[in-house]
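Biologist: I should like a close look at a single part of this model, namely the open sheet and the side-chain pairs that belong to its strands. Please set the remaining salt bridges, the aromatic pairs and the backbone particulars beside it.

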Amino acid sequence: MDNVGIVVDDLEAAIAFFGELGMELEGTARIEGPWADRTVGLDGVRCDIAMMRTPDGHGRLELAKYHSPAAIGAGPHNPPHNTLGMHRVMFAVDDIDATVAGLRAHGAELVGEVAQYQDSHRLCYVRGPEGIIVALAEQLG
């Protein structure tokens with residue numbers, strides 16, 4: 001897999017949010033022109049993207065802010081966890097409480113609560129910019 005794409009309205013806020021998770025900004029670019037239109041099946045594409053890389057270099061997120069055509073919402077703004085389709089990205093973290101506190105500074109809210117799975121992990125879901133759900137997992141022991 002090369003990357004996962006997420007369409008956002010506030011690109012800078014999304015960069016800051018995923019930066020708080022330890023992701024590094026690999027670069028930004030403006031995407032537009034006939035090749036972009038043909039690739040995504042839309043006319044008049046003009047968007048800015050930011051490529052974010054995990055610290056180990058093995059995972060990437062492509063954040064896209066569409067200027068034209070304007071981004072549209074799909075379904076409820078904050079769909080529940082059992083909504084069909086892709087709905088979350090999970091990150092392994094060293095300290096789930098500190099991570100949640102840092103993400104709250106960027107507007108994130110817990111979806112449920114931090115819970116422990118057996119003696120192996122502490123887990124939670126947070127809702128970040130654009131309603132993006134991010135799962136966090138802290139390995140215990």
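Modeller: Where does V7 stand with respect to β4? V7 stands opposite A64 of that strand, and this is a convenient point of entry to the sheet. The model is a predicted one, and what follows should be read accordingly.

β1 and β4, the latter spanning residues 60-68, run in the parallel sense and share four bridges. They belong to an open sheet of four strands, ordered β1-β4-β3-β2, in which the pairing is mixed. Its edges are formed by β1 (4-7) and β2 (24-32), each of which pairs on one side only. On average, and with direction ignored, neighbouring strands of the sheet are turned by 20° against each other.

Side-chain pairs connect these strands as well. Side chains of opposite charge can pair when their charged atoms come close. There are eight salt bridges in the structure. One of them joins the side chains of E26 and R60, with an N to O distance of 2.6 Å. Because E26 belongs to strand β2 and R60 to strand β4, this pair ties together parts that lie 34 residues apart in sequence. E26 is partly exposed, at 34% relative accessibility, and R60 is likewise partly exposed, at 23%. Both residues are also members of a network of salt bridges that links D2, E24, E26, R53 and R60.

A further salt bridge is found between D48 and R30, whose closest N and O atoms are 2.5 Å apart. D48 lies in strand β3 (residues 46-53) and R30 in strand β2, so the contact ties together parts separated by 18 residues in sequence. The two partners may be set against the burial cut-offs. D48 has a relative accessible area of 18% and is therefore buried, since buried means under 20%. R30, with a relative accessible area of 41%, is partly exposed.

Strand β4 also carries K65. The relative accessible area of K65 is 18%, and the residue is therefore buried. Its side chain makes a polar contact of 3.0 Å with the side chain of D9. Leaving aside residues up to four places away in sequence, K65 touches V8, D9, L11, R46, C47 and D48. D48 is thus both a contact of K65 and the salt-bridge partner of R30.

After β4 comes a particular of the backbone. S68 and P69 are joined by a cis peptide bond, with omega at about -20°. P69 is placed in the loop between β4 and β5.

Strand β5 (residues 88-92) leads to the aromatic side chains, for it contains F91, while F18 lies in helix α1 (residues 11-20); their pair therefore ties together parts that are 73 residues apart in sequence. This pair is tilted, with 6.3 Å from centre to centre and 45° between the planes. Both F18 and F91 are buried. F18 pairs with F17 too, in an edge-to-face arrangement at 5.1 Å centre to centre and 90° between the planes. The relative accessible area is 0% for F17 and 0% for F18. The count of aromatic pairs comes to two, and F17, F18 and F91 form one aromatic cluster.

One more salt bridge completes this selection. R122 pairs with D97, the closest N and O atoms being 3.0 Å apart. R122 is in strand β8 (residues 121-127) and D97 in helix α3 (residues 96-104), so that distant parts of the chain, 25 residues apart, are linked. D97 is partly exposed, at 42% relative accessibility.

Two residues in the loops on either side of β8 remain to be mentioned. Q118, in the loop between β7 (115-117) and β8, has a positive phi of about 45° although it is not a glycine. Q118 is exposed, with a relative accessible area of 57%. E130, in the loop between β8 and β9 (133-139), also has a positive phi, near 65°, and is likewise a residue other than glycine. At 29% relative accessibility, E130 counts as partly exposed.

Methods:
Residues numbered from 1 in each chain as written. Predicted model: local features only at pLDDT ≥ 70, side-chain atom pairs only at ≥ 80, totals over all residues. Heavy atoms only, no water. Pairing = 2+ DSSP bridges. Axes fitted to C-alpha atoms, helices over the stretch in contact; angles between N-to-C directions. Salt bridge = Lys/Arg side-chain N within 4 Å of Asp/Glu carboxyl O. Buried < 20%, exposed > 50% of the residue type's maximum accessible area, 1.4 Å probe, protein only. Polar contact = N/O pair within 3.5 Å; in protein donor to acceptor, adjacent residues only side chain to side chain. Contact = heavy atoms within 4.5 Å. Phe/Tyr/Trp six-rings, centres within 6.5 Å; stacked < 30°, edge-to-face > 60°.
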